[in-house]
Amino acid sequence: MTPKQVLEMAKENEVKVVDLRFLDLPGVWQHFTVPICELNEFSFEDGFGFDGSSIRGWQPIHASDMLVIPDPATAKMDPFFEVPTLVLIGDIADPLTREPYSRDPRYIAKKAELFLKGSGIGDTAYIGPEAEFFIFDNVRFESSTNMAFYEIDSVEGIWNSGREEFPNLGYKPRHKQGYFPVPPTDKFQNLRTDMLLTLEKLGIDVECQHHEVATAGQAEIDMRFKPLLQMGDQLMWFKYVLKNVAQEDNRTVTFMPKPLFGDNGSGMHTHISIWKNGEPIFAGDKYAGVSQEALYGIGGILKHCGALCALTNPTTNSYKRLVPGFEAPVNLAYSSRNRSAAIRIPMYSASPKAKRIEFRTPDPSCNGYLAFSAILMAVLDGIENKIDPGEPLDKDIYGLPPEELADIPSAPGSLEEALSALKEDHAFLLKGDVFTQDVIDTWIEYKTENEVNPIKLRPHPHEFFLYFDI
């Protein structure tokens, strides 16, 4: 879509205001709104000014002025605002030099796509994330000097099987049995369908929606794969739509990886394939019908998984899900069909076009632009350096004897460990100036100061249960 077409779209939809959106370094959408009279064809070059010092992980106060330059290709009508509102996702630039801002996650995704094309390996990276989430009825939490607690409730929660609900009709999914009985056990069929249809109205292709494994409303809605930058944009719309559709139903959605103790956490299995001149380069005659390039790409992910996790699993809560011996794929191995390995080669279709790598370790708390770019860079590093992934592991990893399991490396066990791995292993991300040293250093510093250290310093409620009477 051209700037002129965007203006025509605004006129056809009787748009009154324009909402300009971009995201901070951790990955949360930010916005401000201008009247439609402020938008003209020059706006797509001149941009709109804002205070970059108020955005997490961005500018210092003495260099706070920034520009957001709307991308006409991203134009959509907001499905929730009362006033007809045109939404434009923007790229961030320095107002003096007009150079793209190195810490803008969307710019990093653009550079990753350019680096792929420049490598000669391929011209398009398709990404297909499976972002799981929870739908809750009520969430309360507090963290202060002398008190810390959280309380979650859901009409589906198995813990409410004995609650007086006037009447309690039962049909609540047991722990790890939410995948996926029909209603009345599944309470959120209609809500998930509303989410799906809203996404489709925005032009986002959806493949399916369903309940997930955990009790208390865990769910999944799968978007059809798209090129990397486009999927980065779509993931932001995805989170926005799901949260707002739930809000309209007086419920709340969270992409927090592990909100419940004793049941499955929310992952974001991420599928990636590389194409060149309209042909898939991951299809071949090697193991599970993939090419040598695909195997090298797997080798790249396995080699750099520790560093990748700092971006694909970027919260302290992520590592409540990534615990060896439980449901999450922390074992750094690959296999066809085997869901206990960190990397799976899906076997649903024999078509060469369906051949892809499924990296199962990531979770939906990540900044999609950064996570997808980092995964692509690891794959390209594997292909360029012919990194051998070793032999596939087609056994049930959870059932292996300890001596055999000891030979299989694991993903990091904490955010601090993942950040340490990123500090030591990030040269593959710096290729082509896709990620800059400043971005890596800022990410590690921000996460350490704002997330790792605050969690370290606070007593945990369960420690009182364990230790108060010592």
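User: Why is lysine 431 called partly exposed in this predicted model?

Analyst: Happy to start there. Lysine 431 has a relative accessible area of 25%, and the partly exposed class runs between the buried limit of under 20% and the exposed limit of over 50%. The value falls between those cut-offs, so lysine 431 is partly exposed.

User: What makes lysine 431 and aspartate 381 a salt bridge?

Analyst: Their closest N and O atoms are 2.6 Å apart. The cut-off is within 4 Å, so the pair counts as a salt bridge. Lysine 431 sits in the loop between helix H11 (427-430) and helix H12 (437-457), while aspartate 381 belongs to helix H8 (residues 368-384). The two are 50 residues apart, and the pair links distant parts of the chain.

User: And aspartate 381, is that residue buried or exposed, and how do you know?

Analyst: Aspartate 381 is buried, because its relative accessible area is 6% and the limit for buried is under 20%.

User: What makes arginine 106 and aspartate 71 a salt bridge, and where do the two residues lie?

Analyst: Their side chains meet at 3.0 Å, N to O, and that is within the 4 Å cut-off, so the name applies. Arginine 106 lies in helix H3 (residues 105-119), and aspartate 71 lies in the loop between strand S4 (65-70) and strand S5 (76-77). The pair therefore ties together parts that are 35 residues apart in sequence.

User: How do you know whether arginine 106 and aspartate 71 are buried or exposed?

Analyst: Arginine 106 has a relative accessible area of 2% and aspartate 71 has 15%. Both values are under 20%, so both residues are buried. They also belong to a network of salt bridges that links Asp71, Asp91, Arg106, Lys110 and Asp233. A search of the whole structure finds 23 salt bridges.

User: Which class do aspartate 137 and arginine 251 fall in, and why?

Analyst: Aspartate 137 stands at 28% relative accessibility and arginine 251 at 21%. Each value lies between the 20% and 50% limits, so each residue counts as partly exposed. Their side chains meet in a salt bridge (2.7 Å, N to O).

User: What makes asparagine 277 and alanine 288 worth pointing out?

Analyst: Phi is near 50° for asparagine 277 and near 60° for alanine 288. Most residues other than glycine have a negative phi, whereas these two have positive values. Asparagine 277 lies in the loop between strand S14 (268-276) and strand S15 (279-280); alanine 288 is in the loop between S15 and helix H6 (292-312).

User: Why is asparagine 277 called exposed and alanine 288 buried?

Analyst: The cut-offs decide. Asparagine 277 has a relative accessible area of 66%, which is over 50%, so the residue is exposed. Alanine 288 has 18%, which is under 20%, so the residue is buried.

User: Where are the cis peptide bonds of phenylalanine 166 and of proline 183?

Analyst: One joins phenylalanine 166 and proline 167, with omega about 0°. Another joins proline 183 and proline 184, with omega about 10°. Proline 167 is found in the loop between strand S9 (148-153) and helix H4 (189-201), and proline 184 is in the loop between S9 and H4 as well.

User: How do you know whether the radius of gyration agrees with a compact globule?

Analyst: A compact globule of 470 residues would have a radius near 23 Å; the chain has 23 Å, so the value agrees. Buried residues make up 53% of the 470.

Definitions and conventions. Residues are numbered from 1 along each chain as its sequence is written. This is a predicted model: local features need pLDDT of at least 70, side-chain atom pairs count only at pLDDT 80 or more; totals for chains, interfaces and linings use all residues. Side-chain values use heavy atoms; hydrogens and water are left out. The radius of gyration is taken over C-alpha atoms; the globule rule is 2.2 Å times the number of residues to the power 0.38. Buried means under 20% relative accessible area, exposed over 50%, partly exposed in between (1.4 Å probe, protein chains only). Helices (H or I, at least four residues) and strands (E, at least two) are DSSP runs, numbered from the N terminus.
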